[in-house]
Amino acid sequence: MSALTAAEIKVFVDAVIRYFDRLTGDGAVVSASYLADTAIPRSDYTGLITFSGRFRGCIYCSAPRAMLPELLAALGEPDVSEPNLLDAVGELTNTIAGNARSHFGDGLEISVPVTIRGTSERIRAAVRARPYAIVVRWRRHDIAVVVDLERE
């Protein structure tokens with residue numbers, strides 16, 4: 001197995017930026033990117049998708065609770081119930097994974113999103129000792145996008 005290239009990681013970064021720009025009209029910016037070590041970033045709500053085929057591992061997006069009602073409002077959804085907060089972070093993650101699949105082709109299989117409330121211990125490195133962590137700022141909120149993938 002081999003590590004992702006900078007261009008392959010950029011596919012995920014661009015997908016996040018495009019998501020906020022196109023769907024909310026408010027641009028997002030990368031505020032940090034690094035190789036995570038012992039502290040994998042996680043927040044109040046997380047969407048996780050696993051990959052198989054050309055790549056194996058997972059990606060996840062973790063967002064603070066305060067951001068999700070704003071995101072739902074920007075998407076035209078007035079219902080900010082717990083299920084909708086989980087759906088919002090799951091849909092964000094699904095969109096990023098779908099863009100990756102479009103870029104990398106049909107040889108990349110993705111799971112349905114799993115959503116998690118809280119900073120669960122289920123959120124940990126799957127295949128890389130040090131996953132790629134990208135912190136994206138949308139409005140005043142930081143979203144962690146973790147890319148824990150290796151090429152088969």
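**Note on the predicted model**

1. Among the elements of the chain, helix α2 (residues 67-74) has the highest mean pLDDT, 94, and β4 the lowest, 87. Here pLDDT is the predictor's confidence in each residue, from 0 to 100; helices (H or I, at least four residues) and strands (E, at least two) are DSSP runs, numbered from the N terminus. Over the chain the mean pLDDT is 88, and 93% of residues reach 70 or more.

2. The model is predicted, with local features needing pLDDT of at least 70, side-chain atom pairs counting only at pLDDT 80 or more, and totals for chains, interfaces and linings using all residues. Residues are numbered from 1 along each chain as its sequence is written, and side-chain values use heavy atoms, leaving out hydrogens and water.

3. The largest nonpolar core (buried Ala, Val, Leu, Ile, Met, Phe, Trp, Tyr and Cys residues joined through side-chain atoms within 4.5 Å; buried means under 20% relative accessible area, 1.4 Å probe, protein chains only) has 39 residues. F12, F20, F51, I59, L68 and V147 have the most contacts inside this core. At least two of its residues come from each of α1 (6-24), β2 (45-53), β3 (55-63), α2, α3, β6 (132-138) and β7 (141-151). The largest share, nine residues, is supplied by α3.

4. Apart from this core lies another, of seven residues, including A36, Y60, A133 and V146.

5. I59 is in contact (heavy atoms within 4.5 Å) with residues more than four places away in sequence, among them F12, F51, I96 and V147.

6. D106 sits in the loop between α3 (82-104) and β4 (108-110). D106 counts as exposed (over 50%) because its relative accessibility is 65%. The C-alpha atoms of D106 and G53 are 8.8 Å apart, although 53 residues separate them along the chain.
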